[in-house]
Amino acid sequence: MPRVLSLVVLLACLLASASSQTTAKSAKQRGKLVGKSPGKSPSSSVVGKLRLAMLTWYCAEGSGHVEDRPCQNFHFMQKLRKAEDAETRKKLVQERSATMPKDDAGRKKLALQSREGYLSMYKAYCAQPSPANPAVCSNDSLKKVYENMAKSIQTAKAVHSTLPATVQT
């Protein structure tokens with residue numbers, strides 16, 4: 001009887017060990033850091049700061065871009081961050097959601113306008129003789145983001161131009 005009990009305990013330990021190895025392996029395969037709190041990678045925080053520098057410049061009062069999609073998004077996020085409580089944030093999100101298109105075609109059109117606006121902002125920032133933060137224009141991650149954005153805009157426009165006139169908006 002003690003031998004059976006020790007075999008059961010050994011089997012339970014082996015199963016627990018195999019289970020933890022499988023969990024750690026699958027978490028790594030999904031690209032998650034095991035044993036670390038989820039968060040942004042250092043490069044994403046750098047890109048975020050660079051993007052913020054660009055938005056601050058592009059969306060400044062008197063810039064003429066206040067009505068562009070990137071600036072609308074930027075100003076909304078600023079309002080949201082400044083909101084004192086969850087109820088105020090919820091109200092802001094509901095108000096913004098009410099202004100967004102409800103149909104698929106409208107959402108696609110808005111997404112395209114947004115991508116075009118962000119790409120235009122990036123190009124304008126980097127076209128300056130000496131931008132306030134030149135790293136915006138030399139950062140490889142940010143360059144890749146906007147190169148991919150330009151490709152997606154071209155693809156979306158190509159698809160849109162091949163649709164029958166009755167489907168286009």
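Visitor: What is the volume of the second largest pocket?
Guide: This is a predicted model, in which local features need pLDDT of at least 70 and side-chain atom pairs pLDDT 80 or more, while totals use all residues. Residues are numbered from 1 along each chain, and side-chain values use heavy atoms, without hydrogens or water. For the second largest pocket (an open set of 1 Å grid points fitting a 1.4 Å probe, with protein on both sides within 12 Å along at least five of seven lines), the volume is about 320 Å³.

Visitor: Which element gives the largest share of the lining of this second largest pocket?
Guide: The lining (residues with an atom within 4 Å of a point) has 13 residues, and Gly-48, Arg-51, Leu-52, Leu-55 and Arg-81 lie nearest the centre of the pocket. Two or more lining residues come from each of the helices (DSSP runs of H or I, at least four residues) H2 and H3. The largest share, 7 residues, comes from H2.

Visitor: Which helix gives the most residues to the largest nonpolar core?
Guide: This core (buried nonpolar residues, under 20% relative accessible area with a 1.4 Å probe, joined through side-chain atoms within 4.5 Å) holds 19 residues, and Met-54, Met-121, Val-136, Leu-142 and Tyr-146 touch the most other members. At least two core residues come from each of H2 (42-58), H3 (69-82), H5 (104-127) and H7 (140-162). With 6 residues, the helix that gives the most is H5.

Visitor: How far does H5 reach from its first C-alpha to its last?
Guide: The buried residues of H5 include Leu-110, Met-121 and Tyr-125. The helix has 24 residues, and at 1.5 Å a residue (times one less than the number of residues) a span of 34 Å is expected. Close to that expected value, H5 reaches 34 Å.

Key
Buried means under 20% relative accessible area, exposed over 50%, partly exposed in between (1.4 Å probe, protein chains only). Grid points are joined across faces, edges and corners, and a volume is the space filled by probe spheres set on the points.
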